[in-house]
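Thanks for making time this morning. I would like to walk through one model with you, going from the sheet to the helices and then to the interior, so please keep the picture in view while I talk.

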Amino acid sequence: MQRCKTPHAVVTFHSTADAMAVQAAAAGGGLPGRVIPVPSEISAGCGLAWSVPAEQRETLEEALAHRGLAFEDITVVDLY
């Protein structure tokens with residue numbers, strides 16, 4: 001079975017500390033996604049990113065804002 005790429009909202013961060021803060025918030029629940037290496041299509045301040053399926057982008061943006069978590073940008077990228 002061949003895997004297909006699907007659109008994902010990828011959040012980039014200025015620092016590893018910002019990425020780790022999002023991961024810690026996710027461990028507490030209510031924050032979809034996972035930590036990934038920054039895809040080669042994106043230029044970012046640190047080597048870590050947060051990824052969710054593109055249809056969860058709005059939910060993720062609201063959760064980041066509600067928790068006051070810092071991030072650099074959100075970009076939609078096709079990922080496996």
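Ala 9 has Val 52 as its bridge partner in S3, and S1 and S3 are joined by five bridges and run antiparallel. Before I go further, this is a predicted model, in which local features need pLDDT of at least 70 and side-chain atom pairs count only at pLDDT 80 or more, while totals for chains, interfaces and linings use all residues. Residues are numbered from 1 along each chain as its sequence is written, and side-chain values use heavy atoms, with hydrogens and water left out. When I say helix or strand I mean a DSSP run, numbered from the N terminus, with at least four residues of H or I for a helix and at least two of E for a strand, and two strands pair if DSSP finds at least two bridges between them.

With that in place, the sheet as a whole is open and made of four strands in the order S2-S3-S1-S4, with antiparallel pairing. Strand S2 (34-37) and strand S4 (73-79) are its edges, each pairing on one side only, and from one strand to the next the twist averages 40 degrees. Angles here run from 0 to 180 degrees between N-to-C directions, and the axes are lines fitted to C-alpha atoms, for helices over the stretch in contact. S2 pairs with strand S3 (residues 48-53) through four bridges, in the antiparallel sense, and Arg 34 has Ser 51 as its bridge partner in S3.

Turning to the helices, helix H1 (residues 16-27) lies across S2 and S3 and runs at about 40 degrees to S3. Helix H2 (residues 57-67) packs on the sheet, where it touches strand S1 (6-12), S3 and S4, and its direction makes about 130 degrees with that of S3; contact means heavy atoms within 4.5 Å.

Which residues of H2 are buried? They are Leu 60, Ala 63 and Leu 64, where buried means under 20% relative accessible area, exposed over 50% and partly exposed in between, with a 1.4 Å probe and protein chains only. Seen down the axis of H2, its buried residues fall within an arc of 100 degrees, so they line one face of the helix; the arc is that of the directions from the helix axis to the C-beta atoms. The cover over those buried residues includes S1, H1 and S3, whereas the face of H2 turned away from its buried side carries the exposed residues Glu 58, Ala 65 and His 66. Glu 58 counts as exposed because its relative accessibility is 57%, and its C-alpha atom is separated by 9.4 Å from that of Ala 9, 49 residues apart along the chain. Just after H2, Gly 68 takes a positive phi of about 65 degrees.

As for the interior, the largest nonpolar core has 16 residues, and those with the most contacts inside it are Val 11, Phe 13, Val 22, Leu 31, Trp 50 and Leu 60. S1, H1, S3 and H2 each supply at least two residues of this core, and H1 gives the most, with four residues. A second, separate core of seven residues includes Ile 36, Val 38, Ile 42 and Val 77. A nonpolar core is a set of buried Ala, Val, Leu, Ile, Met, Phe, Trp, Tyr and Cys residues joined through side-chain atoms within 4.5 Å.
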